[in-house]
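I opened this notebook to record what I looked up in one structure. My two topics were the nonpolar core and the disulfide.

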Amino acid sequence: VAAALLAGAAEAIGFELEEGKRKCFSEEFSMNASVQLELVVTDGQGEMSVDFSILELPARNVVYSVAALDAVKHTLVATAGTYEMCFEDKERAKTLARSARFRVSRRVALEVTVLEAGALPEHRELAKQAQLDSVVAAVGALEARVNSIVGEVDAAKAREAQLAAAAALTGSYMLLFGLLAGSLTLATGAYTAAVLHRGLRHHKII
């Protein structure tokens, strides 16, 4: 099946996929167009799942592939003009009884939405720039925080040095005060002894 979609268009395709069968659809897209594909298995018997793959034409390179899913949503950027979308049921309904009057099949709905060419790359560039700006802002905030912490550490070290110097000076003053107090005590004792000695001699006790 062949079809062509222009940029900005949307198309819905509904079809029946019989057990063990494969169906493919070809679509033409503008270069660099963002293409959103949404697949849903809407009806069927047994296990409601199919395989889905996207191939570039004419080389038939597989650019996307999933297996055994009943719903798929995928966005691609068209780098080739024509793509083939293939659906396959690999007989996953074997759990159902086979009979001549019972046919297993799936009802599949596919919606294809094509955006303007170049829309997604521009969006990606904007997203990348926004992410880069966010990272730069985060790095700047982190650098400012590191600088603030370094400043706080330096200030704490300076205060610690000041406290240590003050403690050393206080210790020196306390030692000097102790020496002076000791000297005063000795002088007072000597003076008291001299006065007592003179008193005793005056009373001719000694």
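The entries below take the core and then the disulfide.

Entry on conventions. I worked from a predicted model, in which local features need pLDDT of at least 70 and side-chain atom pairs count only at pLDDT 80 or more, while totals for chains, interfaces and linings use all residues. Residues are numbered from 1 along each chain as its sequence is written, and side-chain values use heavy atoms, with hydrogens and water left out.

Entry on the core. I looked up the largest nonpolar core (buried Ala, Val, Leu, Ile, Met, Phe, Trp, Tyr and Cys residues joined through side-chain atoms within 4.5 Å) and found 26 residues in it. Phe-52 and Phe-87 touch the most other members. I noted that β4 (33-44) is among the strands (DSSP runs of E, at least two residues, numbered from the N terminus) that each supply at least two residues. The largest share, 5 residues, comes from β4.

Entry on Phe-52. I listed its contacts (heavy atoms within 4.5 Å), leaving out residues up to four places away in sequence; among them are Leu-39, Tyr-64, Met-85, Cys-86 and Phe-87.

Entry on the disulfide. I searched the whole structure for disulfides (cysteine sulfur atoms within 2.5 Å) and found 1. Cys-24 and Cys-86 form it, with their sulfur atoms 2.1 Å apart. Cys-24 lies in strand β3 (residues 22-28) and Cys-86 in strand β8, 62 residues apart. The torsion about the S-S bond is about 115°, so the disulfide is right-handed.

Entry on exposure. Cys-86 is buried (under 20% relative accessible area, 1.4 Å probe, protein chains only) at 1%. Cys-24 is partly exposed (between 20% and 50%) at 22%.

Note on methods: Helix = DSSP H or I, 4+ residues; strand = E, 2+ residues; numbered from the N terminus.
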